[in-house]
Amino acid sequence: MTTAMPITSVFYKRWAETYEELAAAADHAGRLGLRMYMGPSYQSGMRVVKENGEIEVLWNEEEGRAGLERAVQFVKDFDGAHDGLIRGMLAPERIETQTPENLIQTKRYSEELGCPIRLHAAQGSFEYNEMHRRHSMSPVQFLHSIGFLGERTAIPHAHFVPGYSGATIGEGDDLAILQETGTTVIHCPLVIGRHGDALETFARYKRRGINVAIGTDTFPPDFIQNIRTASMFSRLLERDVTDSSYADIFRAATLGGASFLGREDLGRLSPGAKADLIAIDLDGFHLGPIEDPIRTLIMSGSGRDVKLSIINGRVVMKDRLIPGLDLEEIKAKGQRYFEKMKLGYVERDYQQLGEEELFTPSFRVQK
């Protein structure tokens, strides 16, 4: 990836990302020469799992308001940093943990600051049904009703809509709303496939004129694997290959993302575009005979076949080595942090803590 919009889970955090976390990440990215759209996440509620397995949302609206203000300050402080490589964005956490007021304010700040918004929505049965319970609308319809959607707004994953095979309630044409508002859908086929879901379908969204970008939202953040998975799921559900080719989804992974960011200088090799490119080794035995290079790569390759990355004219990775980084050390640190992450999640579980420890005066459950 030469331009990234990173995301992390908040399930194991005290509440959400902090200003300091993202400031450190921005400085690391700038040092490494990565182009990033960044901003600390924020939420007004936190999902918890009850002893009987049901999910509820614990609310603390002040946390949400303070988080939004920190995110706005981050955009003001870092947008354009490191010679323009770092750009600001607003990243409210998943829709069911947001108050309508904070989402309306997010949209207002997006227009005021000229920065994009990313909000996970229409991605699962709990969220879809919960939004219907609160507002008698689908998540997409609710966002439309408060003026949140638009060309600067991107929704991962946007597959849980009325008429979706997993949706038992709801009416209306959410795809028409997404198309009419110019909202981008960030399709992350690998992670939703691991949960037994799929967009229905990439080809259908493409035919409806919706701008679709490709995301990862999981490890490994491998675009080649996600393009392959997106094509396979779409062809399977369509029972047809039309509009589900590797070329269709390759364009979503490059031009779709650039379109959402409003960047005609990204996602393509052309006069006036940024000097961003990758070189891919097609000599590996595992790739087999070379036919069309893109088709061969996506059919048989992975991100591990990339051996050179150039961002903004600077070589940031060569021969799979990143200058100044000890990847073995980073791997060991990552494993230790992962173990800490798991413990952090368990400590918040109803089955580990008594109800009196979770229901402090600063929290309330929305009934």
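**Close-up 1. P156, a buried proline in a loop.** In this predicted model, P156 is buried, with a relative accessible area of just 2%. You'll find P156 in the loop that links β9 (153-155) to α6 (174-181). Leaving aside residues up to four places away in sequence, P156 touches R118, L119, H120, A121 and I186. G53 is another matter: P156 and G53 are 103 residues apart along the chain, and 25 Å separates their C-alpha atoms.

**Close-up 2. Strand β2 and what covers it.** Here we look at strand β2, residues 35-38. In a regular strand, side chains alternate between the two faces of the sheet. Are the faces of β2 covered or open? Both are covered: R35 and Y37 sit on one side, M36 and M38 on the other, and all of them are buried.

**Close-up 3. The strands that pair with β2.** Two partners show up in this view. Strand β1 (residues 3-4) pairs with β2 in the parallel sense, over two bridges. Within that pairing, A4 stands opposite M36 of β2. To get from β1 to β2, the chain passes through helix α1 (residues 19-32), and this β-α-β crossover is right-handed. Then there's strand β6 (residues 86-88), which runs parallel to β2 and is joined to β2 by three bridges. Which residue of β6 is the bridge partner of M38? That would be G88.

**Close-up 4. Helix α1 and its packing.** Helix α1 has 14 residues and reaches 20 Å from its first C-alpha to its last, close to the 20 Å expected at 1.5 Å a residue. Its buried residues are Y19, L22, A23, A26, A29, G30 and L32. What do those buried residues of α1 pack against? Their neighbours are β2, α2 (61-78), β6 and β14 (314-318). Right behind the helix comes G33, with a positive phi near 85 degrees.

**Close-up 5. Helix α4 and the serine after it.** Helix α4 covers residues 125-135, and E127, Y128, E130, M131, H132 and R134 are its buried residues. These buried residues of α4 pack against β5 (55-59) and α5 (139-145). Just past the end of α4, S136 takes a positive phi of about 60 degrees.

**Close-up 6. C115 and C188, with no disulfide in sight.** How many disulfides does the model have? The count comes to zero. Take C115: its closest cysteine sulfur belongs to C188 and is 20 Å away, so that is too far for a bond. Seen from C188, the closest cysteine sulfur is the one in C115, again 20 Å away and too far for a bond. Both cysteines are tucked out of view: C115 is buried with a relative accessible area of 2%, and C188 is buried with 4%.

**Close-up 7. D243 and its contact with R207.** The loop between α9 (223-238) and α10 (246-261) is home to D243. Is D243 buried or exposed? D243 counts as buried because its relative accessible area is 17%, and the cut-off for buried is under 20%. The side chain of D243 makes a polar contact with the side chain of R207, at 3.4 Å. R207 also appears among the residues that D243 touches, along with F202, A203, K206 and D248, not counting residues up to four places away in sequence.

Notes: Residues numbered from 1 in each chain as written. Predicted model: local features only at pLDDT ≥ 70, side-chain atom pairs only at ≥ 80, totals over all residues. Heavy atoms only, no water. Buried < 20%, exposed > 50% of the residue type's maximum accessible area, 1.4 Å probe, protein only. Helix = DSSP H or I, 4+ residues; strand = E, 2+ residues; numbered from the N terminus. Pairing = 2+ DSSP bridges. Right-handed = clockwise from strand over helix to strand, strands pointing away. Contact = heavy atoms within 4.5 Å. Expected span 1.5 Å × (residues − 1). Disulfide = S-S within 2.5 Å. Polar contact = N/O pair within 3.5 Å; in protein donor to acceptor, adjacent residues only side chain to side chain.
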